[in-house]
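Here is a short tour for anyone who likes to look at a fold before setting up a calculation. Please have the viewer ready.

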Amino acid sequence: MSYILDNESQLEKAVLKAKKIRTQVRFIAFGVYSVRGTKGNFYTVKCERMPSGEKLVSCECLGAEKGLVCWHSAAALSLHIGIARQRVEVV
Ligand SMILES: [Zn+2]
């Protein structure tokens with residue numbers, strides 16, 4: 001399940017939760033991350049930018065399947081934004 005990030009308040013809540021949990025985010029490839037869940041399992045989160053400029057995020061967890069902005073996505077997105085920014089600077 002993937003969704004377009006257009007709900008800022010939902011994302012903010014997810015970011016706060018991600019910070020609280022202090023999870024581990026693994027870098028797989030640019031835009032692909034593995035986020036550790038609370039039970040020690042890992043979820044793959046994909047972040048991409050649509051040609052229209054919207055951010056598209058997908059996660060394997062049940063919350064994302066219900067269309068919620070899950071904290072895994074938020075954790076992966078924080079890392080992704082940091083990397084994307086660095087890339088721009090390098091180029
Ligand atoms: Zn998730």
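## Overall fold

Which pattern does the chain follow when read along the sequence? The answer is β-α-β-β-β-β-α-α, in a model that is predicted. Put as a tally, that comes to three helices and five strands. The radius of gyration is 12 Å, close to the 12 Å that the globule rule gives for 91 residues, so the chain is as compact as a globular protein of that length.

Along the principal axes, the C-alpha atoms fill a box of roughly 40 × 25 × 20 Å. Of the 91 residues, 35% are buried. If you like contact maps, consider the contacts with a separation of 6 or more: 53% of them come from residues 24 or more positions apart.

## Confidence

The average pLDDT of the chain is 87, and 96% of the residues score at least 70. Confidence is highest in strand β3 (residues 32-36), at a mean of 97, and lowest in strand β1 (residues 2-4), at 71. Where pLDDT is low, the predicted coordinates should not be read in detail.

## The zinc site

Now to the metal. Four atoms coordinate the zinc ion at 2.0 to 2.3 Å: the SG atoms of Cys-59, Cys-61 and Cys-70, and ND1 of His-72. The site is tetrahedral, with angles of 103 to 114 degrees among the four donor atoms. In sequence, the spacing of the donor residues reads C-x1-C-x8-C-x1-H. Cys-59 in strand β5 (residues 55-59) and Cys-70 in the loop between α2 (62-65) and α3 are 11 residues apart, a pair that links distant parts of the chain. Both Cys-59 and Cys-70 are buried.

The histidine donor deserves a closer look. His-72 belongs to helix α3 (residues 71-90) and is buried, with a relative accessible area of 6%. Leaving aside residues up to four places away in sequence, His-72 touches Val-35, Gly-37, Tyr-43, Val-45, Cys-59 and Cys-61.

## Cysteines without a disulfide

How many disulfides does the structure hold? The count is zero. A disulfide is a covalent bond between the sulfur atoms of two cysteines.

Why does Cys-47 not form such a bond? The closest cysteine sulfur, in Cys-59, lies 9.7 Å from the sulfur of Cys-47, which is too far for a bond. Cys-47 is buried, with a relative accessible area of 7%; for Cys-59, also buried, the value is 4%.

Definitions and conventions: Residues numbered from 1 in each chain as written. Predicted model: local features only at pLDDT ≥ 70, side-chain atom pairs only at ≥ 80, totals over all residues. Heavy atoms only, no water. Helix = DSSP H or I, 4+ residues; strand = E, 2+ residues; numbered from the N terminus. Buried < 20%, exposed > 50% of the residue type's maximum accessible area, 1.4 Å probe, protein only. Contact = heavy atoms within 4.5 Å. Donors = N, O, S within 2.8 Å, 3.2 Å for Na, K, Ca; no water. Tetrahedral: all angles 85-135°; square planar, octahedral: opposite > 155°, others 65-115°. Disulfide = S-S within 2.5 Å. pLDDT = per-residue confidence, 0-100. Rg over C-alpha atoms; globule rule 2.2 N^0.38 Å.
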